[in-house]
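Got a minute to go through this fold together? Let's take the labels one by one and ask what stands behind them.

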Amino acid sequence: MGGFSRAILPKSMPNSDVMLKTENARQRYHFVTDQMVEEERVLRAKLKRLAIENHALREAAGKEAEAPLASELSSSTTDHYPELRALESKALSIVVIGASGDLAKKKTYPALFALFRNQLLPAHAIITGYARSKLEQSKFHEQIKGFLKGDDALVSKFLERCTYFSGQYDDAKDFSALHQELLKSEASQGKGPHANRVFYFAIPPSIYLETSKSVKASAFCGTGWNRVVVEKPFGKDLESAKKLADDLLQIFSEEEVYRIDHYLGKEMVQNIMAVRFANAVFEPIWNSEYISSVTLTFKENFGTEGRGGYFDEFGTSPRSSSF
Ligand SMILES: NC(=O)c1ccc[n+]([C@@H]2O[C@H](COP(=O)([O-])OP(=O)(O)OC[C@H]3O[C@@H](n4cnc5c(N)ncnc54)[C@H](OP(=O)(O)O)[C@@H]3O)[C@@H](O)[C@H]2O)c1
């Protein structure tokens, strides 16, 4: 018996209990026990149930995507996601810092549009792009429009909620001016004087700190919560990651900081249930007793394409990243 086969049999099982099963099973396993056959039957039933659930979810998602935009979140949406109801009572500003960049146009705005299209973004929310580039609002809209996938009328409605503001990252005065603009747009949302604000950092980590100081000093609102979302890579090694984390926590509370990685094992994570339950050989051994670390390999089939600034400073491993 090879090492791999031995690893999937319970240690207490005497060799005499190891039986060769049907031709079909023999093609898949070297040695098959009654217990393994029963486990496979249970796992196949689980997999079938998951496939049915998955199909139902995809269908539901498709219907949501086609649904016309309601002026307020529909009650069925808020029933499903009760935390959205809490967002209805106050104005909401989402500020994309570094809005002129690659990540903003390719990922951040399309993700916000997907929320909007699926009625998962309060309809009164206003999204303000912030960057140094001096861009007319119409020019900025042109820049992000090509990446928003959906009905033209819906894209136009979304763009009506997207404004653009130009300023420096290390200048508290520019952020004070932004604050004044946000106050005006929040007043126009018809939710009274209270507002929540999200600041999404689509900027290189090298300027997180100066930007954080400016945001905290001049653009935080005092009438609701404030949240700061930072993109990975979070520093360029463990040491710089720890320093960045410490520095940010000198400025913000832990509750205010969200760290995001939009690609962390995307495909694998999406398929992890199927991979595990469709392969009876994995199910008994995919646990902490047998796995001490996980390495994910990620390859892109396109070049840097506008992401030079990101790769110049941080680079990437050509083959894999471990965590
Ligand atoms: N792009 C991706 O696919 C990707 C993937 C994973 C993670 N990320 C992370 O997402 C963040 C943004 O990435 P990105 O590709 O959008 O970056 P980027 O295009 O290089 O930068 C975004 C914006 O920040 C400003 N900026 C760039 N370098 C600066 C500098 N040295 N000093 C001051 N401002 C600067 C520029 O705007 P203005 O000149 O108009 O101010 C730029 O449009 C980074 O943390 C990156 O590591 C990006």
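Q: In this predicted model, what does helix 6 lie across?
A: Helix 6 (residues 102-117) lies across strand 1 (91-97), strand 2 (126-131), strand 4 and strand 5. Its direction is at about 160° to strand 1. Angles over 145 degrees count as roughly antiparallel, so at about 160° helix 6 is roughly antiparallel to strand 1.

Q: What kind of sheet do the six strands form, and in which order?
A: The sheet is open, the order is 3-2-1-4-5-6, and the pairing is parallel. Neighbouring strands are turned by 20° against each other on average, direction ignored.

Q: Why are strand 3 and strand 6 said to stand at the edges?
A: Strand 3 (162-166) and strand 6 (257-260) each have a single partner strand, so one side of each is left without a neighbour in the sheet.

Q: How do you know that strand 4 and strand 5 pair?
A: Pairing takes at least two bridges. Strand 4 (residues 195-201) and strand 5 (residues 226-231) have five bridges, so they pair, and in the parallel sense. You can look up individual partners too: Arg-197 stands opposite Asn-226, and Phe-199 has Val-228 as its bridge partner.

Q: What lies between strand 4 and strand 5 along the chain, and what is the hand of the crossover?
A: The chain goes from strand 4 through helix 10 (residues 208-219) to strand 5, and this β-α-β crossover is right-handed. Right-handed here means that, with the strands pointing away from you, the path over the helix runs clockwise.

Q: What about strand 5 and strand 6: how many bridges join them?
A: Four bridges join these parallel strands, and with at least two needed, they count as paired. Glu-231, for one, has Ile-260 in strand 6 as its bridge partner.

Q: What makes Asn-196 buried?
A: A residue counts as buried with 20 or more other C-beta atoms within 10 Å. Asn-196 has 22, so the label fits. Asn-196 is in strand 4, and, leaving aside neighbours within four places in sequence, is in contact with Lys-90, Leu-92, Gly-224 and Trp-225. Its C-alpha atom is 5.9 Å from that of Asn-226, 30 residues apart along the chain.

Q: And why is Glu-181 called partly exposed?
A: Glu-181 has 18 C-beta neighbours inside 10 Å. Exposed would take 12 or fewer and buried 20 or more, so 18 falls in between. Glu-181 sits in helix 9, and its C-alpha atom is 9.4 Å from that of Thr-128, 53 residues apart along the chain.

Q: How do you know that the buried residues of helix 10 line one face?
A: The buried ones are Tyr-208, Thr-211, Ser-212, Ser-214, Val-215 and Ala-219. Seen down the helix axis, they fall within an arc of 165°, so they line one face. Their cover includes strand 1, helix 9 (172-187), strand 4, strand 5 and helix 11 (238-251).

Q: What makes helix 10 roughly parallel to helix 11?
A: Their axes come within 10 Å and cross at roughly 10°. Angles under 35 degrees count as roughly parallel, so this pair qualifies. Where they meet, helix 10 brings Tyr-208, Leu-209, Ser-212, Lys-213 and Lys-216, and helix 11 brings Leu-244, Asp-247, Leu-248 and Ile-251.

Q: Which residues of helix 7 are buried, and which are exposed?
A: In helix 7 (residues 137-145), Phe-140, His-141 and Ile-144 are buried. They fall within an arc of 100° seen down the axis, so they line one face of the helix. On the other side, Ser-138, Lys-139 and Glu-142 are exposed. The buried residues pack against helix 6, strand 2, helix 8 (152-160) and strand 3.

Q: What is the phi of Gln-119, and what makes that residue buried?
A: Gln-119 has a positive phi of about 60° although it is not a glycine. Most residues other than glycine have a negative phi. Gln-119 is in the loop between helix 6 and strand 2. With 22 C-beta neighbours inside 10 Å, Gln-119 reaches the cut-off of 20 or more, so it counts as buried.

Note on methods:
Residues are numbered from 1 along each chain as its sequence is written. This is a predicted model: local features need pLDDT of at least 70, side-chain atom pairs count only at pLDDT 80 or more; totals for chains, interfaces and linings use all residues. Axes are lines fitted to C-alpha atoms, for helices over the stretch in contact, and angles run from 0 to 180 degrees between N-to-C directions. Two residues are in contact if their C-beta atoms, placed from the backbone, lie within 7 Å. The arc is that of the directions from the helix axis to the C-beta atoms. Angles under 35 degrees count as roughly parallel, over 145 as roughly antiparallel, 65 to 115 as roughly perpendicular and the rest as oblique.
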